[in-house]
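Q: Please take a close look at one part of this structure for me. I would like to see how the protein meets the DNA, and then what lies around that part.

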Amino acid sequence: MSIVRVALPLPLPQVFDYLAPDATAADVGRCVTVPFGRGERNGLILALGAAADIEPARLKTVRHIQREVPPLPADWLELVDFVARYYHAPIGEVVALALPPGLRRADGVSGEDEDPLLQIAAAGREALCGARRASKALALLQGLAAAGEGPWRRSVVRALEGGEAVGELLRRGWIRVAERVADRVAPRHAAGAQPEPTPEQTQALEAILGAGPGFKPWLVHGVTGSGKTEVYLRLAAHLLAQGRQVLMLVPEIALTPQLERRVAQRFAAAHVVSLHSALADGARSRGFVQALAGEADIVLGTRLAVFAPLPRLGLILVDEEHDASYKQQEGVRYSARDLAVWRARQRGVPVVLGSATPSLETWYHARSERYALQTLNQRALAATLPAVRCIDTRRLRLDEGLSPALQAALGERLARGEQSLVFLNRRGYAPVLSCPSCGWVSRCPHCSANLVVHLADRRLRCHHCGCDGPIPSACPSCGDQDIRPFGRGTQRVEARLAELFPQARVLRVDRDAARTRRQWESVLATIAEGGADILVGTQMMAKGHDFPNLTLVGVIGADAALHAADFRAPERLFQQLMQVGGRAGRGALAGTVLIQTEYPAHPLYQQLARHDFDAFARMALQERRSAGFPPFTHQAMLRADAPALDAAVDFLRHARRLAEECAPEGLRLYDPVPMRLTRLARRERAQLLIEADQRGVLQGFLAGWVALLYRQRTARELRWQLDVDPLEV
DNA sequence: AGCACGCCGACT
DNA sequence: GTCGGCGTGCTC
């Protein structure tokens, strides 16, 4: 009679032992259904137990072991265990987060391939010869025949001209699903069209591949447009040819479809699996199992893909490694980028982090030679980097935030038939509605934030909790009718631009205008077809899209980030401006970036104008060093929230007293303070910062402290969570 | 997290 | 006399 140790999805820092009459070592890593309390739960067998830590009489028996799916391998269990220990999260919650929800249900997953290999069938060849009347299906078939022998992934066929007819082709029997094994061996990694690499790309490739197998972290620092993706794809091709799997992480789903298409076309016959949270349960489970079974060649996905089991793993790629979306901001607050490096070390494979504006943490590692650095300075497509200039707005009268110089520049592009982008990181019409006579402001009833004026749908909306209401016609406090929106957001700038340039087509691109993926794609299509002259956009516009006809980027309202209390604000500003500036002039046309500022001499803007990331990073790291901020120190944040602020602060004071008793030498404990956005969705929040210069000191302390915290009995309404390596302090 | 058990207010 | 409030404690 065996005992199995089972991780269950509960916020408890423990595992549960069960009797399992027929369990063997081969069942470690398998999903199980177990009786729990008066119900049933699904969990994962982490290990076989020699003896239970409770009296044997209290042990219950496992209901069902899921044996249709291969067990999760030891290295995967090790990864999950590391995450639980490093982020001090309950192992069961980590497992729940890492496994696709469908898989945990232990009722089996269909192994059917949603993206099968297709080839032309005998009936299809007949159809090609016979004189048939033209149809969409025939056109697609002819297109395929012209493309060669195949086989092709279904997703590749779909992406072709007229690809919607792929289902019709299958129904008519003109194409068929290729036999798996036999067909896949030879043409499996046949690569699609490959552009010639630039000398810099070649150098990076030779360096990375020349280093051979084995763990080695790389930073590829490449300016926007220098062709980092081409480097990733060639590295991937190399590893695929050796029969290895490649894990490729990307920031968010907005960019995923394009990259997916590019990867699918490049590796037409390779098995590409994409994993992200927008995927339906079935598809996500299927992709996960294909990775686990070693069938997937490339796993492409957002942060959760770092948990894909990969038996033949040969390389990990992290695109835009500085992107904040790699850090989960709720529940288990893991950093997929950091875990990618840990996994690469664990598996003994290279890991490549890529960015035009690396995070200062990564940059510091590269400077101190813990990561090897490869630099791509040349733009692969356009001749030059955009010219960046500041517009000094100190003595200017701005028209809805727009300086005369920016207006003139916009007018010029318009006359030349080129596109412009006005970048403003604030959506809505105005950030607040206010009454000048009594001082009333539109406060959110649930948060310590103002309600934002959305004139487009005539609502006041909280950008933090999402609550909204109609715009009042008079001041709710004193009845004065003269209430006014103050400040400006994208909608207001959009409206003013439409007045200033009545002949221009002004298009707003923010989360309100592109809420769904479908809307977003239609916006992109409009821009690509030249259906817009002036774009007004938030940071959504900053990320990796090519707009060949865009030659001017105007930045307004950037100065706010210079004064922000968050020590990471300048880093984010620099990254954002560099990224958004990279949108200008990617085609044959040269680009210009105009930054409106009251601090034209500020070093950050000067470094930006020289495209000098090194200088910026040097300065920023120097500031971090002297102020004692990461990466020169290591932080953890304990956060608490409750309906009343006192309850949250009192808990943190208590936690601090507990910490003082077990604090090692070199640990710094700060005072509990209310968070910047103290009230969020009717809950008051406070936080307690803990710091140490040595990661080991911090980690050693946290382990004991968190165990103590779990033992505290706290009021039901109080919740707390720990954030290791927090991004927001 | 659920879901029990457990002692005190306004109701058929 | 009960229905039900959510405080406290447990789940292998």
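A: What follows starts at the DNA and then moves to other parts of the protein. Keep in mind that this is a predicted model.

Start with DNA strand B. Which residues are around DNA strand B? They are L10, P11, L12, R38, R41 and R716. By type, this surface divides into three nonpolar, no polar and three charged residues. Now look at the DNA side. Of the atoms of DNA strand B within 4 Å of the protein, 50% belong to sugar or phosphate. The rest belong to bases.

Two side chains show both kinds of contact. R38 deals with the backbone of the DNA: an N or O atom in its side chain is 2.8 Å from a phosphate oxygen of DNA strand B. R716 deals with a base: a polar atom of its side chain lies 2.8 Å from a base nitrogen of DNA strand B.

Now turn to DNA strand C. How many residues surround DNA strand C? There are 14, and the closest are D17, Y18, R58, K60 and R716. R716 is thus listed for DNA strand B and for DNA strand C. The surface near DNA strand C divides into seven nonpolar, two polar and five charged residues. Of the atoms of DNA strand C within 4 Å of the protein, 46% belong to sugar or phosphate, and the rest to bases.

Again, go contact by contact. D17 uses its backbone: an N or O atom there lies 2.7 Å from a base oxygen of DNA strand C. R58 uses its side chain, where a polar atom lies 2.7 Å from a phosphate oxygen of DNA strand C. The side chain of R713 has an N or O atom 3.2 Å from a phosphate oxygen of DNA strand C.

Which strands supply this surface? β2 (16-20) and β3 (31-36) each give at least two residues to the surface near DNA strand C. β2 gives the most, with three residues.

Next, follow β2 to a neighbour. S2 lies in strand β1. Among the residues that S2 touches are Y18, L19 and A20. Y18 is also one of the closest residues to DNA strand C. S2 touches P21 and A23 as well. The side chain of S2 reaches the backbone oxygen of A23 at 2.8 Å. Is S2 buried or exposed? Its relative accessibility is 19%, so S2 counts as buried. The cut-off for buried is under 20%.

β1 leads on to a helix. The buried residues of α2 pack against β1 (2-7), β4 (39-49), α1 (74-86), α3 (101-104) and α12 (281-292). Why is helix α2 (residues 91-98) largely enclosed by the rest of the structure? Six of its eight residues are buried, so little of the helix is left uncovered. The buried ones are I91, G92, V94, V95, A96 and A98.

Now for some sheet pairings. Strands of a sheet pair through backbone hydrogen bonds, either parallel or antiparallel. Both kinds appear here. Take the antiparallel case: three strands form an open sheet in the order β8-β7-β9. β8 (152-153) and β9 (175-177) stand at the edges with a single partner strand each, so one side of each has no neighbour in the sheet. Strand β7 (residues 117-120) pairs with β8 over two bridges. In this pairing, L118 has W152 of β8 as its bridge partner. Helix α5 (residues 136-147) packs on the sheet and touches β7, β8 and β9. Its direction makes about 95° with that of β7.

The parallel case centres on β14. Strand β11 (residues 245-249) pairs with β14 over five bridges, in the parallel sense. There, V246 has L315 of β14 as its bridge partner. Three bridges join β14 to strand β15 (residues 350-355), and these two also run parallel. V318 stands opposite L353 in β15. Strand β14 (residues 313-318) is mostly covered, as six of its six residues are buried.

Finish with the loops. E369 is found between α14 (360-367) and β16 (372-376). E369 has a positive phi of about 65°, although it is not a glycine. E369 is exposed, with a relative accessible area of 70%. E400 has a positive phi too, of about 50°. E400 is partly exposed, at 23%. Finally, the peptide bond from P630 to P631 is cis, with omega near 5°.

Note on methods
Residues are numbered from 1 along each chain as its sequence is written. Chains are lettered from A and ligands numbered from 1 in the order in which they are written. This is a predicted model: local features need pLDDT of at least 70, side-chain atom pairs count only at pLDDT 80 or more; totals for chains, interfaces and linings use all residues. Side-chain values use heavy atoms; hydrogens and water are left out. Two strands pair if DSSP finds at least two bridges between them. Helices (H or I, at least four residues) and strands (E, at least two) are DSSP runs, numbered from the N terminus. Contact means heavy atoms within 4.5 Å. Axes are lines fitted to C-alpha atoms, for helices over the stretch in contact, and angles run from 0 to 180 degrees between N-to-C directions. A residue is near a molecule or strand if one of its heavy atoms lies within 4 Å of it. A polar contact is a pair of N or O atoms within 3.5 Å; within protein, one must be able to donate a hydrogen and the other to accept it, and residues adjacent in sequence count only if both atoms are side-chain atoms. Ala, Val, Leu, Ile, Met, Phe, Trp, Tyr, Cys and Pro count as nonpolar, Asp, Glu, Lys and Arg as charged, and the others, Gly among them, as polar. Buried means under 20% relative accessible area, exposed over 50%, partly exposed in between (1.4 Å probe, protein chains only). Lists of a residue's contacts leave out its neighbours within four places in sequence.
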